[in-house]
Amino acid sequence: MAHLRIRCSLSPLILLLLFLAAAPGKGDGDGGGSGGLRFRREGGTFKVLQVADMHYADGRSTPCEDVLPAQDRGCSDLNTTAFLYRVLRAEDPDLVVFTGDNIFGADSTDAAGSMDAAIAPAIAMKLPWAAILGNHDQEGTLLREGVMRHLVGMKNTLSRLNPEGVEIDGYGNYNLEVGGVEGTLLANKSVLNLYFLDSGDYSTVWWIPSYGWIKASQQAWFRQTSANLQKKYTSEQPTQKEPAPSLAYFHIPLPEFSSFTASNFTGVKQEGISSPSINSGFFTTMVEAGDVKAAFIGHDHVNDFCGKLTGIQLCYAGGFGYHAYGKAGWSRRARVVSVQLEKTESGEWQGVKSIKTWKRLDDQNLTTIDSEVLWNRGSNGKTPTYTFMVLILAYVSNCNR
């Protein structure tokens, strides 16, 4: 084979132009993710606080369920409010996600007022938040669509009714994009994607008992949205080798949550998995899409485990609200997810490196438990720009020999 000999005749100016052409630009865009969500410059993190099953009703007049006798007197929805303020101050999240049964409609005299009171701490602290519906939110003075429309109209919310122009089942199917650190090469790309889906309330097919499920129309929207986001991330400048990781939030557990035993999950399982009586295939849909690294739910209040199945972490949050059933002596809790960016040797924040989680308990010390890594990319941190610089230096070095 003939060997080509490269002539060392490129001027420093041409080398500089080549470098600038190869280096990824900041691209066009609106300056970050949905609703201004983006990773923090200090620390390169994005933190999500999940609040599951508040079961809020009428505030002070609504009693607590399943607490110790010493806690019972004077215990009400206001204990839920106090816990939410405590954990928000302690964790200072970038996004709060309310994953359904935010109110207990049957015990609420005014569904809109109950929802306002339930979400109030996040609004008061001026934190962005998103919500989906459970199976109890619509059992009061508002129907399911009405509850979601109310959520969409509240302050600081990133919640959406449904994607525009799409025929889809349920209310509250949407996605949010989280931009990279401002001023970096990935500032205008979504380096983390969040999916929110309405898992329904109860079966609408008379011969199929039990809870609702994620329907075919929702899965079609998810597949298309995931494919579009992956294509955009890997093909538009600055191009990335792998799709951005994603997290999914919905209320009712998939049947696959029954796949675990105490030997292969972190946390506790203290009640059965209350999933639909049929499997609509959404877990398989997530596996095939390839970008979802973890899915987070509520519904079963005294389960709080995470287990990994076919590359996806399936996680309960554990019950948050004091008007929700629980277990006396077992603290109400919230789940925190912290997503960490990768940092290059030159100090530039890049794509997501790892996803970690832990839980916060509503005890005297607001105890943190069960900290674990859900996903880790693993990389040497060298960017295409870094690699190109190395090649230029090697070229110049060879020319000078």
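Ten bridges are what hold strand 10 (residues 333–343) against strand 11 (residues 349–361), and the two run antiparallel. Within that pairing, valine 336 sits opposite tryptophan 358 of strand 11. All of this comes from a predicted model.

Helix 3 (residues 77–91) packs on the sheet to which these strands belong. The helix touches strand 1 (45–51), strand 2 (95–99), strand 10 and strand 11. Set against strand 11, the direction of helix 3 comes out at about 145°.

Stepping back to the whole sheet, there are six strands in the order 3-2-1-10-11-12. The sheet is open and its pairing is mixed. Strand 3 (129–132) and strand 12 (368–376) are the edges, each pairing on one side only. As for twist, neighbouring strands are turned by 20° against each other on average, ignoring direction.

Then there are the disulfides, of which the structure holds two. In general terms, such a link is a covalent bond between the sulfur atoms of two cysteines.

One of the two disulfides joins cysteine 64 to cysteine 75, with an S to S distance of 1.9 Å. Its partners come from distant parts of the chain, 11 residues apart. Cysteine 64 lies in the loop between strand 1 and helix 2 (69–72), while cysteine 75 lies in the loop between helix 2 and helix 3. The torsion about the S-S bond of cysteine 64 and cysteine 75 is about -80°, so this disulfide is left-handed. Both ends are tucked away from the surface by the 20% cut-off for burial. Cysteine 64 has a relative accessible area of 9%, which is under 20%, so this residue counts as buried. Cysteine 75 is buried as well, because its relative accessibility is 8%.

The other disulfide is formed by cysteine 306 and cysteine 315, whose sulfur atoms are 2.0 Å apart. Here the handedness is right-handed, with 120° about the S-S bond. Burial shows up again at this link: cysteine 306 has 2% relative accessibility and therefore counts as buried. Its partner, cysteine 315, has a relative accessible area of 0%, so cysteine 315 is buried too.

Put side by side, the link of cysteine 64 and cysteine 75 is left-handed, whereas that of cysteine 306 and cysteine 315 is right-handed.

Note on methods
Residues are numbered from 1 along each chain as its sequence is written. This is a predicted model: local features need pLDDT of at least 70, side-chain atom pairs count only at pLDDT 80 or more; totals for chains, interfaces and linings use all residues. Side-chain values use heavy atoms; hydrogens and water are left out. Two strands pair if DSSP finds at least two bridges between them. Helices (H or I, at least four residues) and strands (E, at least two) are DSSP runs, numbered from the N terminus. Axes are lines fitted to C-alpha atoms, for helices over the stretch in contact, and angles run from 0 to 180 degrees between N-to-C directions. Contact means heavy atoms within 4.5 Å. A disulfide is a pair of cysteine sulfur atoms within 2.5 Å. Buried means under 20% relative accessible area, exposed over 50%, partly exposed in between (1.4 Å probe, protein chains only).
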